[in-house]
Amino acid sequence: MKNFIDDKKIEEYLKNAVAPDEKELDKILKKARKLKGLSFEEAERLLLVESKEDIDKLAEVANFIKETIYGKRLVLFAPLYVSNICNNECLYCGFRKSNKSIHRNTLTMEQIAEETEALIEQGHKRVLLVSGEGLGRNGVDYTIDALKTIYAVQKPKGNIRRINVNIAALEVEDYKRLKEANIGTYQLFQETYHEETYRKMHQSGPKSDYDYHLGAMDRAMEAGIDDVGIGILFGLTDYKYEIMALLQHIKHLEDKFGVGPHTISVPRLEPATGSDVASNPPHPVTDSDFRKIIAILRITVPYTGIILSTRENAKTRREALHLGISQISAGSKSDPGGYSKKDHSDAQFSLGDHRSLHEVIEDIVDMDHIPSFCTGCYRLGRVGKDFMDLAKPGLIKAHCYPNAVFTFTEYLEDFANDTLKKKGYALIERTLPENVLSAKKRKEVLENVEKIKKGKRDIYY
Ligand code: SAM
Ligand code: SF4
């Protein structure tokens, strides 16, 4: 496969470009308010915006788009790390092969079931399976067994209804097997699109092959995986370069498969044991840059989910919510077995947000948003291009908001204390009219809420 990142074009643009003046910026933002996204050339213009006032303007439009398309809801998930054994030498990661200071471990199926139970007991319904690349030739068999194990755990308080997967690049045949095993989104981050930096950062192991890594989403989509998630590890090289290249990646997938990625993840480098790169990022992304990055993505690809993890602290995560983040992890541990044990010295990187799922949910409710554990779209086949076609203004709200309410009601009934219950039901009542416009539909939503209160589970549209 040809490397589709036009490195020269990006370098040239960044060398010569000047920030848009007020007139140009306002024109682009006016177009953005129409909720149809921007051309990538327009997005590139926004990347050059630097002043606080102009970034505030971007943030305001991003918030408008977020509120109009997604409404007041935020999807929650938990990562489940199954192995920290890795044959790669990614200089920024605590799991890299040469790091002798962590204890290596691959969970047995029994341990995976225990971790799953612990997550279900917290209230989770959505899991992201994460692994180092050290499972050997039988890695795909192991992953499929792990998926089966997680899906099979049934507790009185529920089960895991959707598993997304974040594991190393594979061949088409292996992706086909993952699809058959019912994975949700397949996630893989390019980390950096800048080839020279990529080579420096990935010194040995299978992941050091830039072209192979870059082609992973093509292979996954060829294998029929409908939803793929891409991402950048911010801090390795100039974020402007990364965003321009990420847009080229999206365009490549859209041209070839008729649909772009389902999600974009935006991790920033966090300290990791023994990693100089992680402690001193070569191109640190400031909070202000980060705000700009999220706003530009929200404005440019309004229907693509944006994921923020527990790497970020609570304050950043609160701000990001208003800029258009649609999913966050909560109550996370980044070490295999982390949910069933107390010592977390084998973690991949340090977490910025140590709050429990309960605390994160309280915070989201205080920000007037409905925490959602919804898995409706995937289970009704609204995936890939079907999802994008459906994701017109109003439609996400029509499906996602009621589903968010149903899954939140389950949480309130099964896991919440009285204070949160009171706040939660008041929030549902308050936000229902602005999110579900038809009186008939509102009545139906409330009837379903009553059914859930009486013990019915797993209602979704
Ligand atoms: N091993 C697979 C891979 O590398 O794609 C998947 C799992 S890896 C544990 C998941 C992601 O963690 C990586 O893609 C990388 O972006 C992120 N990561 C690694 N080290 C990090 C650090 N120090 N701070 C923040 N994120 C990090
Ligand atoms: Fe291994 Fe992934 Fe960490 Fe690289 S980022 S060392 S591949 S776990």
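Below, a colleague questions a modeller about cores, salt bridges and a ligand shell.

This is a predicted model, in which local features need pLDDT of at least 70, side-chain atom pairs count only at pLDDT 80 or more, and totals for chains, interfaces and linings use all residues. Residues are numbered from 1 along each chain as its sequence is written, chains are lettered from A and ligands numbered from 1 in the order in which they are written, and side-chain values use heavy atoms, with hydrogens and water left out.

Colleague: Which helix gives the most residues to the largest nonpolar core?

Modeller: A nonpolar core is a set of buried Ala, Val, Leu, Ile, Met, Phe, Trp, Tyr and Cys residues joined through side-chain atoms within 4.5 Å. Buried means under 20% relative accessible area, exposed over 50%, partly exposed in between (1.4 Å probe, protein chains only). The largest core has 131 residues, with Tyr 175, Tyr 193 and Ile 299 making the most contacts inside it. Its top contributor, with 10 residues, is helix α18 (residues 395–415).

Colleague: From which domains does this core draw at least three residues each?

Modeller: Domain bounds come from an automatic or database domain assignment. The core takes at least three residues from each of domain 1 (67–380) and domain 2 (394–453).

Colleague: How many residues are in the second, separate core?

Modeller: This core is separate from the largest one. Its members include Cys 93, Met 201, Leu 236 and Val 277, and its size is 18 residues.

Colleague: Which residues surround ligand 2, and how does the shell split by class?

Modeller: A residue counts as near if one of its heavy atoms lies within 4 Å. The shell is Cys 86, Asn 88, Cys 90, Cys 93, Phe 95, Arg 96, Gly 132 and Lys 207. Ala, Val, Leu, Ile, Met, Phe, Trp, Tyr, Cys and Pro count as nonpolar, Asp, Glu, Lys and Arg as charged, and the others, Gly among them, as polar. The split is four nonpolar, two polar and two charged.

Colleague: How many residues apart in sequence are Asp 56 and Arg 291?

Modeller: Their side chains form a salt bridge (2.9 Å, N to O), meaning a side-chain nitrogen of Lys or Arg within 4 Å of a carboxyl oxygen of Asp or Glu. Helices (H or I, at least four residues) and strands (E, at least two) are DSSP runs, numbered from the N terminus. Asp 56 sits in helix α4 (residues 52–70) and Arg 291 in helix α13 (residues 287–300), so the pair links distant parts of the chain, 235 residues apart.

Colleague: Is Asp 56 buried or partly exposed?

Modeller: The relative accessible area of Asp 56 is 27%. That lies between the two cut-offs, so Asp 56 is partly exposed.

Colleague: Why does the Lys 423 and Asp 366 pair tie together separate parts of the chain?

Modeller: Their closest N and O atoms are 2.9 Å apart, in a salt bridge. Lys 423 belongs to helix α19 (residues 418–435) and Asp 366 to helix α15 (residues 357–366), so the bridge joins parts that are 57 residues apart in sequence.

Colleague: Where do Lys 453 and Glu 450 lie?

Modeller: They form a salt bridge with closest N and O atoms 3.5 Å apart. They are three residues apart, about one turn, in helix α20 (residues 439–453).

Colleague: Which residues does Lys 157 contact?

Modeller: Lys 157 lies in the loop between β3 (154–155) and β4 (158–159). Contact means heavy atoms within 4.5 Å. Leaving aside neighbours within four places in sequence, Lys 157 touches Ile 120, Lys 125, Asp 414 and Phe 415.
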